[in-house]
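Here is a short note for a colleague who wants to look through this model point by point. Please keep the structure open while reading, since each paragraph takes up one part of it.

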Amino acid sequence: LGPAEIWEIVSSERVLSALRLSFGTALLAAALNAVFGLLVAWVFVRYEFPGKRLFDAAIDLPFALPTAVAGITLTSLYAPNGWFGQYLAPLGIQGVFSPLGITIALIFIGLPFVVRTLQPVIADLDVELEEVATSLGANRAQVVFRVILPYLYPAWLIGFGMAFARAIGEYGSVVFIAGNMPMKTEIASLLIITKLTQYDYAGAAAIAFVLLLLSFSLLLILNALQGWSTKRLGY
């Protein structure tokens, strides 16, 4: 394929819709994982509570669980008659066969990357740094934003990037809960598989190439930011 042929394939409305959905939900899921992953990692390191070991082990469940099993389970849970979906349906919220369902699946598989990346860094963060800042007159918000977060920022950014990269290429856990409706809930990885099953290898290669190029560019930017922040903080 030449540049003109690649552009003709990837600029079609169906492909653009799939790319927008894939990157939009991946960015949203990674952003949410960055926030809640930080909170979860902080609680695991700084606090003791009943069942801590059980919850800590459950974080790694997406690593051990086959993605197809995760997708089927999430679809069952968020279906209108599922454990969680039965509470969403009366509110007019569709938990499956919608972008929300895709985001839920991507949050599930991406959370461990943020938590496991931040845990050792939080453990190395000396509590005395916070105490010194407090003794010098800093309030809690200043300690968080001027002492804690700058220290965690490089690892935090790495965790975000890993969660985003995993979400972009995810297939098994998303394909069931998405519903796979063209122009609505069809993700780019599913469209690639569809092209392959139709023996359209050129179309699949073109979409995969663009997906790879965009993903690599975003990860390159994240790595550049991580390197800059590490040099700025002096470690």
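1. The chain, seen here as a predicted model, contains twelve helices and zero strands. Followed along the sequence, the pattern is accordingly written α-α-α-α-α-α-α-α-α-α-α-α.

2. As to overall dimensions, the C-alpha trace spans about 65 × 45 × 30 Å along its principal axes. Of the 235 residues in the chain, 41% count as buried, while the chain as a whole exposes about 12,900 Å², with carbon and sulfur atoms supplying 70% of that area.

3. On contacts and charges, two values can be set down together. When contacts between residues at least 6 apart in sequence are considered, 76% join residues that are at least 24 apart. The chain carries 13 positive and 14 negative charges, and the mean positions of these two sets are 3 Å apart.

4. Which helices each supply at least two residues to the lining of the largest pocket? They are helix H4 (61-64), helix H5 (67-78) and helix H7 (99-124). The space in this pocket amounts to about 430 Å³, and its lining is made up of 16 residues, among which Leu-61, Pro-62, Leu-74, Phe-108 and Leu-111 lie nearest the centre.

5. The search for enclosed space, carried out over the whole structure, finds one cavity of 30 Å³ or more, and about 50 Å³ of space lies in the largest cavity. Its lining consists of Ser-22, Thr-25, Ile-102, Leu-106, Ala-167, Ile-168, Glu-170, Val-174, Ile-187 and Ser-189. Helix H2 (13-46), H7 and helix H9 (140-169) each contribute at least two residues to that lining. Helix H7 therefore deserves a look from both sides of the comparison, since at least two of its residues line the largest pocket and at least two line the largest cavity, under the definition of lining that asks for an atom within 4 Å of a point.

6. Is Leu-222 buried or exposed? This residue, placed in helix H12 (residues 201-233), has a relative accessible area of 14% and is buried, because that value falls under the 20% limit. Leaving aside residues up to four places away in sequence, Leu-222 touches Leu-157, Phe-160 and Gly-161. For one of these, Phe-160, the C-alpha atom is separated from that of Leu-222 by 8.8 Å, although the two residues are 62 apart along the chain.

7. Two loop residues call for a check of their backbone angles. Most residues other than glycine have a negative phi. Phe-97, however, which is found in the loop between helix H6 (85-88) and H7, has a positive phi near 55° without being a glycine. With a relative accessible area of 38%, Phe-97 is partly exposed, because that value lies between the limits of 20% and 50%.

8. Where does Asn-180 lie? Its place is in the loop between helix H10 (172-178) and helix H11 (188-197). Asn-180 likewise is not a glycine, and its phi is positive, at about 60°. The relative accessible area of Asn-180 is 26%, so this residue too is classed as partly exposed, being over the 20% below which a residue would count as buried and under the 50% above which it would count as exposed.

Notes:
Residues numbered from 1 in each chain as written. Predicted model: local features only at pLDDT ≥ 70, side-chain atom pairs only at ≥ 80, totals over all residues. Heavy atoms only, no water. Helix = DSSP H or I, 4+ residues; strand = E, 2+ residues; numbered from the N terminus. Buried < 20%, exposed > 50% of the residue type's maximum accessible area, 1.4 Å probe, protein only. Contact = heavy atoms within 4.5 Å. Areas by Shrake-Rupley, 256 points an atom, 1.4 Å probe, with all protein chains shown as cover. Lys, Arg positive; Asp, Glu negative; His and termini not counted. Charge placed at Lys NZ, Arg CZ, Asp CG, Glu CD. 1 Å grid on protein atoms, 1.4 Å probe; cavity = no way out; pocket = protein on both sides within 12 Å on 5 of 7 lines; lining within 4 Å. Points joined across faces, edges and corners; volume = space filled by probe spheres on them.
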